[in-house]
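Reader: I would like a close look at a single part of this structure, with its surroundings described and with the cut-off behind each term stated as it comes up.

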Amino acid sequence: MTSASLHLDPAFVVAPVRRRTFGSFVEHMGRCVYTGIYEPGHTTADVDGFRADVLDLVRELGVSVVRYPGGNFVSGYRWEDGTGPVGDRPVRRDLAWHTLETNAVGIDEFARWAAKAEVEIMYSVNLGTRGVQEALDAHEYINHPRGTALSDLRRANGAEEPYGVRLFCLGNEMDGPWQTGHKTAHEYGRLAAETARALRTAESGLELVACGSSSSAMPTFGAWESEVLELTYDQVDHISAHAYYEQTDGDLGSFLASGVNMDHFIDSVVATADAVGARLKSPKRITISFDEWNVWYQSRFESQGPGEDWSVAKPLIEDQYNVADAVVVGGLLISLLRHSDRVAVACQAQLVNVIAPIMTEPGGPAWRQTIFHPFAITSRLAHGVVLRVEPRSGTYATTRYGEVPLLDATATYDEQAGEVTVFAVNRSSEDALELSTGLSGFGDLEVVESFVLGGGDPYAVNTREQPDAVLPTSLASARVLDGTLTADLPPVSWCAIRLGRPSSS
Ligand code: AHR
(Lines give C-alpha, C1' and ligand atoms only; values in the text may rest on other atoms or scores of the structure.)
Protein backbone atom coordinates (compact mmCIF):
# COMPACT_ATOMS: atom_id res chain seq x y z
CA MET A 1 0.00 0.00 0.00
CA THR A 2 1.34 3.47 -0.88
CA SER A 3 -0.13 6.73 0.29
CA ALA A 4 -1.61 9.65 -1.59
CA SER A 5 -3.37 12.82 -0.56
CA LEU A 6 -5.71 15.54 -1.67
CA HIS A 7 -6.47 18.83 -0.07
CA LEU A 8 -9.91 20.29 -0.63
CA ASP A 9 -10.96 23.81 0.24
CA PRO A 10 -14.34 25.38 -0.60
CA ALA A 11 -12.50 28.48 -1.83
CA PHE A 12 -10.47 26.59 -4.47
CA VAL A 13 -13.11 26.70 -7.20
CA VAL A 14 -12.38 25.80 -10.84
CA ALA A 15 -15.87 26.50 -12.23
CA PRO A 16 -19.47 25.39 -11.87
CA VAL A 17 -20.20 21.79 -12.90
CA ARG A 18 -21.73 21.94 -16.37
CA ARG A 19 -24.52 19.47 -17.07
CA ARG A 20 -23.37 19.40 -20.68
CA THR A 21 -20.21 17.58 -19.54
CA PHE A 22 -22.44 14.48 -19.52
CA GLY A 23 -23.31 14.46 -23.20
CA SER A 24 -23.40 11.55 -25.61
CA PHE A 25 -23.54 10.91 -29.32
CA VAL A 26 -25.98 9.13 -31.65
CA GLU A 27 -24.63 8.67 -35.16
CA HIS A 28 -26.31 6.90 -38.05
CA MET A 29 -23.61 4.28 -37.81
CA GLY A 30 -23.75 0.53 -37.31
CA ARG A 31 -26.56 -0.34 -34.87
CA CYS A 32 -26.64 2.90 -32.88
CA VAL A 33 -29.93 4.10 -34.39
CA TYR A 34 -31.42 1.00 -36.04
CA THR A 35 -31.85 -1.81 -33.48
CA GLY A 36 -30.19 0.54 -30.95
CA ILE A 37 -32.51 3.39 -29.98
CA TYR A 38 -35.09 2.47 -32.67
CA GLU A 39 -36.53 -0.98 -33.26
CA PRO A 40 -40.22 -1.09 -34.21
CA GLY A 41 -41.52 -4.54 -33.43
CA HIS A 42 -39.28 -4.99 -30.38
CA THR A 43 -41.28 -6.12 -27.37
CA THR A 44 -40.49 -2.85 -25.56
CA ALA A 45 -40.99 -0.57 -28.59
CA ASP A 46 -43.31 2.37 -28.03
CA VAL A 47 -45.74 3.85 -30.59
CA ASP A 48 -42.85 5.63 -32.29
CA GLY A 49 -40.74 2.47 -32.54
CA PHE A 50 -38.29 3.48 -29.79
CA ARG A 51 -37.02 0.80 -27.44
CA ALA A 52 -38.30 1.63 -23.95
CA ASP A 53 -35.61 -0.56 -22.37
CA VAL A 54 -32.95 1.60 -24.04
CA LEU A 55 -34.73 4.83 -23.10
CA ASP A 56 -34.76 3.69 -19.45
CA LEU A 57 -31.02 3.02 -19.57
CA VAL A 58 -30.30 6.37 -21.26
CA ARG A 59 -32.14 8.18 -18.45
CA GLU A 60 -30.31 6.09 -15.85
CA LEU A 61 -27.00 6.97 -17.51
CA GLY A 62 -27.74 10.63 -16.82
CA VAL A 63 -27.10 11.92 -20.32
CA SER A 64 -27.74 15.65 -20.76
CA VAL A 65 -27.16 16.42 -24.43
CA VAL A 66 -26.87 14.18 -27.52
CA ARG A 67 -24.96 15.05 -30.67
CA TYR A 68 -26.74 13.89 -33.84
CA PRO A 69 -26.66 12.63 -36.68
CA GLY A 70 -22.86 12.27 -37.04
CA GLY A 71 -19.92 11.89 -37.09
CA ASN A 72 -18.41 10.97 -40.42
CA PHE A 73 -21.95 10.09 -41.57
CA VAL A 74 -23.05 13.72 -41.56
CA SER A 75 -20.49 14.74 -44.19
CA GLY A 76 -22.51 13.05 -46.94
CA TYR A 77 -25.97 13.42 -45.37
CA ARG A 78 -29.00 15.15 -46.88
CA TRP A 79 -31.10 16.05 -43.85
CA GLU A 80 -34.30 16.34 -45.92
CA ASP A 81 -34.10 12.63 -46.83
CA GLY A 82 -35.16 11.89 -43.26
CA THR A 83 -38.39 13.92 -43.37
CA GLY A 84 -41.93 13.23 -44.60
CA PRO A 85 -43.77 9.92 -44.93
CA VAL A 86 -41.31 7.13 -44.08
CA GLY A 87 -42.40 5.01 -47.05
CA ASP A 88 -41.40 7.79 -49.46
CA ARG A 89 -37.93 8.35 -48.06
CA PRO A 90 -34.98 7.45 -50.29
CA VAL A 91 -32.44 4.77 -49.48
CA ARG A 92 -28.94 6.20 -49.86
CA ARG A 93 -25.37 4.98 -49.74
CA ASP A 94 -23.49 6.10 -46.64
CA LEU A 95 -19.92 6.50 -47.85
CA ALA A 96 -18.49 6.88 -44.35
CA TRP A 97 -19.47 3.42 -43.14
CA HIS A 98 -20.32 1.60 -46.39
CA THR A 99 -23.87 0.97 -45.33
CA LEU A 100 -27.31 1.67 -46.73
CA GLU A 101 -29.23 4.42 -44.96
CA THR A 102 -32.99 3.86 -45.10
CA ASN A 103 -33.74 7.26 -43.57
CA ALA A 104 -36.51 5.70 -41.47
CA VAL A 105 -35.17 7.90 -38.68
CA GLY A 106 -34.58 11.59 -39.35
CA ILE A 107 -34.71 14.79 -37.35
CA ASP A 108 -38.43 14.52 -36.53
CA GLU A 109 -38.06 11.03 -35.11
CA PHE A 110 -34.85 11.93 -33.31
CA ALA A 111 -36.45 14.99 -31.73
CA ARG A 112 -39.29 12.79 -30.46
CA TRP A 113 -36.76 10.35 -29.04
CA ALA A 114 -34.74 13.18 -27.42
CA ALA A 115 -37.86 14.50 -25.68
CA LYS A 116 -38.55 11.04 -24.27
CA ALA A 117 -34.92 10.61 -23.23
CA GLU A 118 -34.99 14.10 -21.66
CA VAL A 119 -31.87 15.21 -23.49
CA GLU A 120 -30.90 18.36 -25.35
CA ILE A 121 -30.18 17.99 -29.08
CA MET A 122 -26.81 19.06 -30.50
CA TYR A 123 -27.26 19.06 -34.25
CA SER A 124 -24.44 18.67 -36.81
CA VAL A 125 -24.79 20.18 -40.25
CA ASN A 126 -23.06 18.78 -43.31
CA LEU A 127 -20.11 20.92 -44.38
CA GLY A 128 -18.49 18.05 -46.30
CA THR A 129 -20.60 17.77 -49.45
CA ARG A 130 -22.83 20.75 -48.58
CA GLY A 131 -22.61 24.36 -47.52
CA VAL A 132 -24.27 27.52 -46.26
CA GLN A 133 -27.67 27.09 -47.96
CA GLU A 134 -28.28 23.53 -46.79
CA ALA A 135 -27.25 24.46 -43.24
CA LEU A 136 -29.73 27.33 -43.35
CA ASP A 137 -32.42 25.01 -44.71
CA ALA A 138 -31.86 22.48 -41.92
CA HIS A 139 -31.99 25.30 -39.38
CA GLU A 140 -35.21 26.68 -40.90
CA TYR A 141 -36.85 23.26 -40.68
CA ILE A 142 -35.63 22.65 -37.13
CA ASN A 143 -35.98 26.04 -35.47
CA HIS A 144 -38.07 28.49 -37.48
CA PRO A 145 -41.49 28.83 -35.86
CA ARG A 146 -43.85 28.97 -38.88
CA GLY A 147 -44.83 30.72 -42.07
CA THR A 148 -41.92 29.64 -44.29
CA ALA A 149 -41.68 26.74 -46.69
CA LEU A 150 -39.50 24.57 -44.47
CA SER A 151 -41.00 25.47 -41.10
CA ASP A 152 -44.45 24.77 -42.51
CA LEU A 153 -43.16 21.50 -43.93
CA ARG A 154 -42.07 20.51 -40.41
CA ARG A 155 -45.53 21.44 -39.13
CA ALA A 156 -47.15 19.44 -41.91
CA ASN A 157 -44.92 16.53 -40.86
CA GLY A 158 -46.41 16.66 -37.38
CA ALA A 159 -44.18 19.00 -35.36
CA GLU A 160 -46.16 22.17 -34.74
CA GLU A 161 -43.54 23.68 -32.48
CA PRO A 162 -39.94 24.33 -33.51
CA TYR A 163 -37.36 22.12 -31.83
CA GLY A 164 -35.45 25.02 -30.28
CA VAL A 165 -32.02 23.52 -30.88
CA ARG A 166 -29.30 25.81 -29.43
CA LEU A 167 -26.13 23.89 -30.25
CA PHE A 168 -25.05 23.38 -33.86
CA CYS A 169 -21.83 21.69 -35.00
CA LEU A 170 -20.39 23.19 -38.18
CA GLY A 171 -19.44 19.90 -39.83
CA ASN A 172 -17.44 17.00 -38.46
CA GLU A 173 -13.69 16.26 -38.40
CA MET A 174 -13.05 18.32 -41.51
CA ASP A 175 -9.28 18.03 -40.87
CA GLY A 176 -9.40 14.26 -41.56
CA PRO A 177 -8.46 13.00 -45.04
CA TRP A 178 -11.04 10.22 -44.51
CA GLN A 179 -13.85 12.77 -44.29
CA THR A 180 -16.15 13.12 -47.29
CA GLY A 181 -15.45 16.65 -48.49
CA HIS A 182 -12.25 16.97 -46.42
CA LYS A 183 -10.86 20.51 -46.49
CA THR A 184 -7.76 22.49 -45.69
CA ALA A 185 -7.95 24.67 -42.57
CA HIS A 186 -8.36 27.72 -44.79
CA GLU A 187 -11.14 26.19 -46.91
CA TYR A 188 -12.96 24.92 -43.84
CA GLY A 189 -12.44 28.08 -41.79
CA ARG A 190 -13.97 30.27 -44.50
CA LEU A 191 -16.94 27.94 -44.99
CA ALA A 192 -17.51 27.61 -41.23
CA ALA A 193 -17.32 31.39 -40.76
CA GLU A 194 -19.85 32.07 -43.50
CA THR A 195 -22.17 29.28 -42.34
CA ALA A 196 -21.98 30.59 -38.80
CA ARG A 197 -22.64 34.17 -39.92
CA ALA A 198 -25.70 33.07 -41.88
CA LEU A 199 -27.04 30.94 -39.01
CA ARG A 200 -26.59 33.83 -36.59
CA THR A 201 -28.45 36.11 -38.97
CA ALA A 202 -31.28 33.58 -39.06
CA GLU A 203 -31.44 33.27 -35.27
CA SER A 204 -29.67 34.94 -32.39
CA GLY A 205 -28.53 33.02 -29.35
CA LEU A 206 -27.26 29.93 -31.16
CA GLU A 207 -24.10 28.25 -29.90
CA LEU A 208 -21.86 27.21 -32.75
CA VAL A 209 -19.05 24.67 -32.72
CA ALA A 210 -16.19 24.90 -35.21
CA CYS A 211 -14.33 21.67 -36.02
CA GLY A 212 -11.02 21.36 -34.23
CA SER A 213 -8.70 18.39 -34.71
CA SER A 214 -10.00 14.85 -34.90
CA SER A 215 -7.15 13.83 -32.58
CA SER A 216 -4.16 15.51 -30.99
CA ALA A 217 -1.98 13.12 -33.02
CA MET A 218 -3.05 14.69 -36.32
CA PRO A 219 -0.07 16.23 -38.15
CA THR A 220 -2.03 19.49 -38.41
CA PHE A 221 -2.97 19.59 -34.71
CA GLY A 222 -2.52 23.12 -33.34
CA ALA A 223 -1.98 24.73 -36.73
CA TRP A 224 -5.52 23.65 -37.70
CA GLU A 225 -7.13 25.19 -34.60
CA SER A 226 -5.09 28.35 -35.02
CA GLU A 227 -6.04 28.95 -38.66
CA VAL A 228 -9.69 27.91 -38.25
CA LEU A 229 -10.11 30.19 -35.23
CA GLU A 230 -8.38 33.11 -36.98
CA LEU A 231 -11.14 32.84 -39.58
CA THR A 232 -14.09 32.09 -37.29
CA TYR A 233 -13.26 33.68 -33.92
CA ASP A 234 -16.09 36.21 -33.81
CA GLN A 235 -18.65 33.77 -35.22
CA VAL A 236 -18.23 30.65 -33.10
CA ASP A 237 -18.45 29.80 -29.41
CA HIS A 238 -16.69 26.46 -29.18
CA ILE A 239 -13.95 24.52 -30.95
CA SER A 240 -14.33 20.75 -31.01
CA ALA A 241 -11.88 18.11 -29.78
CA HIS A 242 -12.05 14.35 -30.37
CA ALA A 243 -10.01 11.65 -28.61
CA TYR A 244 -10.21 7.87 -28.42
CA TYR A 245 -8.00 5.69 -26.24
CA GLU A 246 -7.19 1.99 -26.24
CA GLN A 247 -4.82 -0.44 -24.60
CA THR A 248 -2.22 -1.53 -27.13
CA ASP A 249 0.55 -4.16 -26.87
CA GLY A 250 -0.60 -5.17 -23.38
CA ASP A 251 0.54 -1.76 -22.07
CA LEU A 252 -1.95 -1.29 -19.24
CA GLY A 253 0.17 1.37 -17.51
CA SER A 254 0.05 3.80 -20.45
CA PHE A 255 -3.61 3.07 -21.06
CA LEU A 256 -4.53 3.90 -17.47
CA ALA A 257 -2.76 7.24 -17.96
CA SER A 258 -5.02 8.25 -20.87
CA GLY A 259 -6.30 11.18 -18.80
CA VAL A 260 -2.81 12.71 -18.94
CA ASN A 261 -3.16 12.88 -22.71
CA MET A 262 -6.65 14.37 -22.46
CA ASP A 263 -5.42 17.02 -19.97
CA HIS A 264 -2.61 17.95 -22.34
CA PHE A 265 -4.96 18.00 -25.33
CA ILE A 266 -7.37 20.39 -23.57
CA ASP A 267 -4.58 22.63 -22.26
CA SER A 268 -3.05 22.83 -25.76
CA VAL A 269 -6.34 23.77 -27.45
CA VAL A 270 -7.06 26.38 -24.76
CA ALA A 271 -3.58 27.87 -25.21
CA THR A 272 -3.98 27.93 -29.00
CA ALA A 273 -7.45 29.51 -28.82
CA ASP A 274 -6.25 32.13 -26.33
CA ALA A 275 -3.23 32.93 -28.52
CA VAL A 276 -5.60 33.61 -31.42
CA GLY A 277 -7.77 35.75 -29.12
CA ALA A 278 -4.68 37.71 -28.06
CA ARG A 279 -3.62 38.26 -31.69
CA LEU A 280 -7.12 39.48 -32.51
CA LYS A 281 -7.19 41.65 -29.36
CA SER A 282 -10.47 39.99 -28.44
CA PRO A 283 -11.76 39.73 -24.87
CA LYS A 284 -13.87 36.74 -25.95
CA ARG A 285 -12.89 33.27 -24.72
CA ILE A 286 -13.53 30.26 -26.94
CA THR A 287 -14.53 27.10 -25.06
CA ILE A 288 -14.07 23.46 -26.02
CA SER A 289 -16.74 21.07 -27.18
CA PHE A 290 -15.10 17.69 -26.50
CA ASP A 291 -17.81 16.13 -28.62
CA GLU A 292 -16.26 12.70 -29.19
CA TRP A 293 -14.32 10.91 -26.48
CA ASN A 294 -14.18 7.33 -25.26
CA VAL A 295 -12.22 4.10 -25.23
CA TRP A 296 -12.24 2.66 -28.77
CA TYR A 297 -10.18 -0.34 -29.90
CA GLN A 298 -9.53 1.44 -33.19
CA SER A 299 -6.65 -0.86 -34.13
CA ARG A 300 -9.14 -3.75 -34.38
CA PHE A 301 -11.38 -1.68 -36.66
CA GLU A 302 -8.47 -0.65 -38.89
CA SER A 303 -7.74 -4.31 -39.63
CA GLN A 304 -11.42 -5.04 -40.44
CA GLY A 305 -12.63 -1.79 -42.01
CA PRO A 306 -16.31 -1.05 -42.64
CA GLY A 307 -16.63 -3.80 -45.32
CA GLU A 308 -17.99 -3.62 -48.85
CA ASP A 309 -21.42 -5.14 -48.42
CA TRP A 310 -23.56 -1.97 -48.27
CA SER A 311 -26.11 -3.55 -45.94
CA VAL A 312 -28.49 -1.80 -43.53
CA ALA A 313 -27.44 -1.33 -39.88
CA LYS A 314 -24.61 -3.84 -39.93
CA PRO A 315 -22.79 -4.19 -36.60
CA LEU A 316 -19.79 -1.85 -36.52
CA ILE A 317 -17.21 -1.25 -33.77
CA GLU A 318 -19.24 -3.00 -31.07
CA ASP A 319 -16.38 -2.98 -28.57
CA GLN A 320 -16.89 -5.04 -25.43
CA TYR A 321 -15.54 -3.10 -22.46
CA ASN A 322 -13.67 -4.43 -19.45
CA VAL A 323 -12.95 -3.07 -15.99
CA ALA A 324 -9.76 -1.28 -17.06
CA ASP A 325 -11.73 0.46 -19.82
CA ALA A 326 -14.26 1.63 -17.22
CA VAL A 327 -11.45 2.92 -14.98
CA VAL A 328 -10.10 4.90 -17.95
CA VAL A 329 -13.57 6.28 -18.73
CA GLY A 330 -13.88 7.36 -15.08
CA GLY A 331 -10.47 9.02 -15.39
CA LEU A 332 -11.44 10.83 -18.60
CA LEU A 333 -14.52 12.20 -16.84
CA ILE A 334 -12.21 13.46 -14.07
CA SER A 335 -10.13 15.25 -16.71
CA LEU A 336 -13.24 16.81 -18.30
CA LEU A 337 -14.60 17.96 -14.93
CA ARG A 338 -11.21 19.37 -13.92
CA HIS A 339 -11.38 21.56 -17.04
CA SER A 340 -14.94 22.75 -16.49
CA ASP A 341 -13.73 26.35 -16.83
CA ARG A 342 -12.97 25.73 -20.52
CA VAL A 343 -14.74 22.51 -21.57
CA ALA A 344 -18.31 23.62 -22.17
CA VAL A 345 -19.69 20.45 -23.76
CA ALA A 346 -18.51 16.84 -23.83
CA CYS A 347 -20.08 13.89 -25.63
CA GLN A 348 -19.08 10.31 -25.00
CA ALA A 349 -19.06 8.52 -28.36
CA GLN A 350 -21.35 6.78 -28.82
CA LEU A 351 -24.55 5.93 -26.88
CA VAL A 352 -25.80 2.52 -28.00
CA ASN A 353 -24.00 -0.49 -29.55
CA VAL A 354 -21.32 1.53 -31.37
CA ILE A 355 -18.43 1.88 -28.84
CA ALA A 356 -21.17 2.37 -26.31
CA PRO A 357 -22.11 2.07 -22.65
CA ILE A 358 -25.45 0.47 -23.66
CA MET A 359 -25.69 -2.71 -25.73
CA THR A 360 -28.74 -4.28 -27.31
CA GLU A 361 -29.61 -7.50 -29.03
CA PRO A 362 -32.09 -7.13 -31.89
CA GLY A 363 -35.34 -8.59 -30.55
CA GLY A 364 -33.56 -9.26 -27.26
CA PRO A 365 -32.39 -7.52 -24.11
CA ALA A 366 -30.41 -4.35 -23.49
CA TRP A 367 -27.58 -4.26 -20.94
CA ARG A 368 -24.99 -2.01 -19.33
CA GLN A 369 -21.34 -2.31 -20.33
CA THR A 370 -18.69 -1.72 -17.63
CA ILE A 371 -18.16 1.87 -18.83
CA PHE A 372 -21.83 2.66 -18.10
CA HIS A 373 -21.18 2.77 -14.36
CA PRO A 374 -18.57 5.52 -13.91
CA PHE A 375 -20.50 7.73 -16.33
CA ALA A 376 -23.85 7.22 -14.59
CA ILE A 377 -22.40 7.72 -11.11
CA THR A 378 -20.38 10.80 -12.04
CA SER A 379 -23.35 12.37 -13.80
CA ARG A 380 -25.55 11.71 -10.76
CA LEU A 381 -23.08 12.89 -8.12
CA ALA A 382 -21.22 15.84 -9.69
CA HIS A 383 -23.07 18.98 -8.59
CA GLY A 384 -22.29 22.53 -7.59
CA VAL A 385 -18.75 23.59 -8.40
CA VAL A 386 -15.61 21.69 -9.34
CA LEU A 387 -12.81 22.11 -6.79
CA ARG A 388 -9.07 22.23 -7.35
CA VAL A 389 -7.86 19.29 -5.31
CA GLU A 390 -4.05 19.53 -5.17
CA PRO A 391 -3.35 15.76 -5.48
CA ARG A 392 -0.10 14.32 -4.19
CA SER A 393 1.04 10.78 -4.91
CA GLY A 394 3.95 8.74 -6.12
CA THR A 395 4.49 8.25 -9.83
CA TYR A 396 5.06 5.31 -12.17
CA ALA A 397 6.84 5.03 -15.50
CA THR A 398 4.78 4.73 -18.68
CA THR A 399 5.97 4.08 -22.21
CA ARG A 400 3.67 6.66 -23.75
CA TYR A 401 3.59 9.51 -21.22
CA GLY A 402 6.74 9.19 -19.10
CA GLU A 403 6.36 9.47 -15.30
CA VAL A 404 2.68 9.70 -14.38
CA PRO A 405 1.03 10.24 -10.96
CA LEU A 406 -0.54 7.09 -9.50
CA LEU A 407 -3.52 9.10 -8.30
CA ASP A 408 -5.92 11.04 -10.50
CA ALA A 409 -8.72 12.92 -8.77
CA THR A 410 -11.19 15.74 -8.75
CA ALA A 411 -14.01 16.81 -6.44
CA THR A 412 -17.24 18.73 -6.59
CA TYR A 413 -18.89 20.82 -3.88
CA ASP A 414 -22.59 21.52 -3.69
CA GLU A 415 -22.75 24.28 -1.09
CA GLN A 416 -26.53 24.31 -0.93
CA ALA A 417 -26.80 20.60 -0.26
CA GLY A 418 -23.67 20.71 1.94
CA GLU A 419 -22.18 17.86 -0.08
CA VAL A 420 -18.70 17.12 -1.35
CA THR A 421 -17.99 14.29 -3.80
CA VAL A 422 -14.51 12.98 -4.48
CA PHE A 423 -13.82 11.12 -7.74
CA ALA A 424 -10.52 9.25 -7.87
CA VAL A 425 -8.57 6.70 -9.88
CA ASN A 426 -5.73 4.49 -8.70
CA ARG A 427 -3.63 3.88 -11.80
CA SER A 428 -1.33 1.38 -10.12
CA SER A 429 -1.73 -2.13 -11.45
CA GLU A 430 -0.07 -3.60 -8.35
CA ASP A 431 -0.63 -1.57 -5.21
CA ALA A 432 -3.57 -0.16 -3.34
CA LEU A 433 -3.44 3.58 -2.61
CA GLU A 434 -4.18 4.81 0.88
CA LEU A 435 -5.89 8.11 0.11
CA SER A 436 -6.23 10.81 2.70
CA THR A 437 -8.21 13.94 1.92
CA GLY A 438 -8.12 17.08 4.04
CA LEU A 439 -11.56 18.64 4.33
CA SER A 440 -10.88 21.81 6.32
CA GLY A 441 -13.41 24.55 5.74
CA PHE A 442 -16.43 22.35 4.98
CA GLY A 443 -17.67 21.78 8.54
CA ASP A 444 -18.71 18.33 9.69
CA LEU A 445 -19.01 15.73 6.94
CA GLU A 446 -19.61 11.99 6.84
CA VAL A 447 -19.65 9.40 4.08
CA VAL A 448 -23.16 9.22 2.59
CA GLU A 449 -22.43 6.71 -0.16
CA SER A 450 -19.41 5.36 -1.98
CA PHE A 451 -18.67 3.33 -5.09
CA VAL A 452 -15.64 1.48 -6.32
CA LEU A 453 -15.13 -0.30 -9.62
CA GLY A 454 -12.00 -2.40 -9.98
CA GLY A 455 -9.56 -4.10 -7.69
CA GLY A 456 -10.22 -7.56 -9.14
CA ASP A 457 -9.68 -8.81 -12.68
CA PRO A 458 -9.09 -5.71 -14.85
CA TYR A 459 -10.26 -7.66 -17.88
CA ALA A 460 -13.66 -8.78 -16.54
CA VAL A 461 -16.59 -7.79 -18.81
CA ASN A 462 -20.38 -7.67 -18.86
CA THR A 463 -22.11 -9.77 -21.49
CA ARG A 464 -25.66 -10.46 -22.65
CA GLU A 465 -25.61 -13.63 -20.53
CA GLN A 466 -23.94 -11.98 -17.53
CA PRO A 467 -24.93 -8.33 -17.74
CA ASP A 468 -24.05 -7.62 -14.11
CA ALA A 469 -20.76 -9.49 -13.86
CA VAL A 470 -19.07 -6.13 -13.27
CA LEU A 471 -20.87 -3.78 -10.92
CA PRO A 472 -19.63 -1.01 -8.65
CA THR A 473 -19.63 -1.92 -4.97
CA SER A 474 -19.43 0.25 -1.90
CA LEU A 475 -15.94 1.35 -0.82
CA ALA A 476 -16.10 -0.01 2.72
CA SER A 477 -12.82 1.60 3.81
CA ALA A 478 -14.07 5.18 3.20
CA ARG A 479 -14.53 7.12 6.45
CA VAL A 480 -14.19 10.64 7.83
CA LEU A 481 -12.30 11.21 11.07
CA ASP A 482 -11.28 14.62 12.48
CA GLY A 483 -11.85 16.45 9.21
CA THR A 484 -9.96 13.92 7.09
CA LEU A 485 -11.46 11.45 4.63
CA THR A 486 -9.48 8.24 4.33
CA ALA A 487 -10.09 5.44 1.83
CA ASP A 488 -8.11 2.57 0.36
CA LEU A 489 -8.29 2.51 -3.42
CA PRO A 490 -7.56 -0.96 -4.84
CA PRO A 491 -5.22 -1.34 -7.83
CA VAL A 492 -6.72 -0.38 -11.24
CA SER A 493 -9.80 1.17 -9.76
CA TRP A 494 -12.12 4.15 -10.05
CA CYS A 495 -14.12 5.39 -7.11
CA ALA A 496 -16.61 8.06 -6.06
CA ILE A 497 -17.24 9.05 -2.44
CA ARG A 498 -20.16 11.33 -1.55
CA LEU A 499 -19.91 13.20 1.74
CA GLY A 500 -22.71 15.08 3.45
CA ARG A 501 -23.70 16.58 6.76
CA PRO A 502 -23.87 14.02 9.57
CA SER A 503 -27.41 12.68 9.85
CA SER A 504 -27.67 13.81 13.50
CA SER A 505 -26.72 17.46 12.76
O1 AHR B 1 -17.51 7.76 -33.42
C2 AHR B 1 -17.05 7.09 -34.56
C3 AHR B 1 -16.39 8.03 -35.57
O4 AHR B 1 -15.20 8.52 -35.03
C5 AHR B 1 -17.15 9.29 -35.94
O6 AHR B 1 -18.06 9.08 -36.97
C7 AHR B 1 -16.07 10.19 -36.41
O8 AHR B 1 -16.40 11.56 -36.24
C9 AHR B 1 -14.85 9.77 -35.62
O10 AHR B 1 -13.75 9.60 -36.41
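**The six-stranded sheet and its surroundings**

Author: The centres of domain 1 and domain 2, taken over C-alpha atoms, are separated by 28 Å, and the contact between these domains (heavy atoms within 4.5 Å) takes 39 residues from domain 1 and 39 residues from domain 2. The assignment, which is automatic or from a database, gives domain 1 as 2-10 + 386-500 and domain 2 as 18-129 + 161-189 + 207-381. The model is predicted, so local features need pLDDT of at least 70 and side-chain atom pairs count only at pLDDT 80 or more, whereas totals for chains, interfaces and linings use all residues. Residues are numbered from 1 along each chain as its sequence is written, and side-chain values use heavy atoms, with hydrogens and water left out.

The part I have chosen is an open sheet of six strands in the order S2-S16-S19-S20-S25-S22, with antiparallel pairing. Strands here are DSSP E runs of at least two residues and helices are H or I runs of at least four, numbered from the N terminus, and two strands pair if DSSP finds at least two bridges between them. Strand S2 (13-16) and strand S22 (446-454) are the edges, each with a single partner strand, so one side of each has no neighbour in the sheet. On average, and with direction ignored, neighbouring strands of this sheet are turned by 20° against each other.

At one edge, S2 and strand S16 (residues 385-387) are joined in the antiparallel sense by three bridges, in which Ala-15 has Val-386 of S16 as its bridge partner. Helix H10 lies across S2, S16, strand S19 (407-414), strand S20 (419-426), S22 and strand S25 (493-500), and its course is at about 55° to S19; such axes are lines fitted to C-alpha atoms, for helices over the stretch in contact, and angles run from 0 to 180 degrees between N-to-C directions. Helix H11 (residues 372-381) also packs on the sheet, where it touches S19, S20, S22 and S25, and its direction makes about 160° with that of S22.

Strand S25 deserves a closer reading. It pairs with S20 in the antiparallel sense over seven bridges, with Thr-421 standing opposite Arg-498 in S25, and S22 pairs with S25, again antiparallel, over eight bridges, with Cys-495 in S25 as the bridge partner of Val-452. Eight of the eight residues of S25 are buried, so this strand is largely enclosed by the rest of the structure; buried means under 20% relative accessible area, exposed means over 50%, and partly exposed lies in between, for a 1.4 Å probe and protein chains only. In a regular strand the side chains alternate between the two faces of the sheet. In S25 both faces are covered, with Ser-493, Cys-495, Ile-497 and Leu-499 buried on one side and Trp-494, Ala-496, Arg-498 and Gly-500 buried on the other.

The surroundings of the sheet include the largest nonpolar core, whose 161 residues include Leu-8, Trp-113, Tyr-123, Tyr-188, Phe-290 and Trp-293 as those that touch the most other members; a nonpolar core is a set of buried Ala, Val, Leu, Ile, Met, Phe, Trp, Tyr and Cys residues joined through side-chain atoms within 4.5 Å. Helix H10 (residues 323-338) gives the most to this core, with 11 residues. Domain 1 and domain 2 both give residues to the core, so it lies between them. With neighbours within four places in sequence left aside, the contacts of Leu-8 include Leu-387, Val-420 and Val-422.

Just before H10 in sequence comes a polar link, in which Glu-318 forms a salt bridge with Arg-31 with the closest N and O atoms 2.8 Å apart; a salt bridge is a side-chain nitrogen of Lys or Arg within 4 Å of a carboxyl oxygen of Asp or Glu. Glu-318 lies in the loop between strand S12 (311-312) and H10, and Arg-31 in the loop between strand S3 (23-25) and helix H1 (52-61), so the pair ties together parts that are 287 residues apart in sequence. Glu-318 is partly exposed at a relative accessible area of 27%, while Arg-31 counts as buried at 7%.
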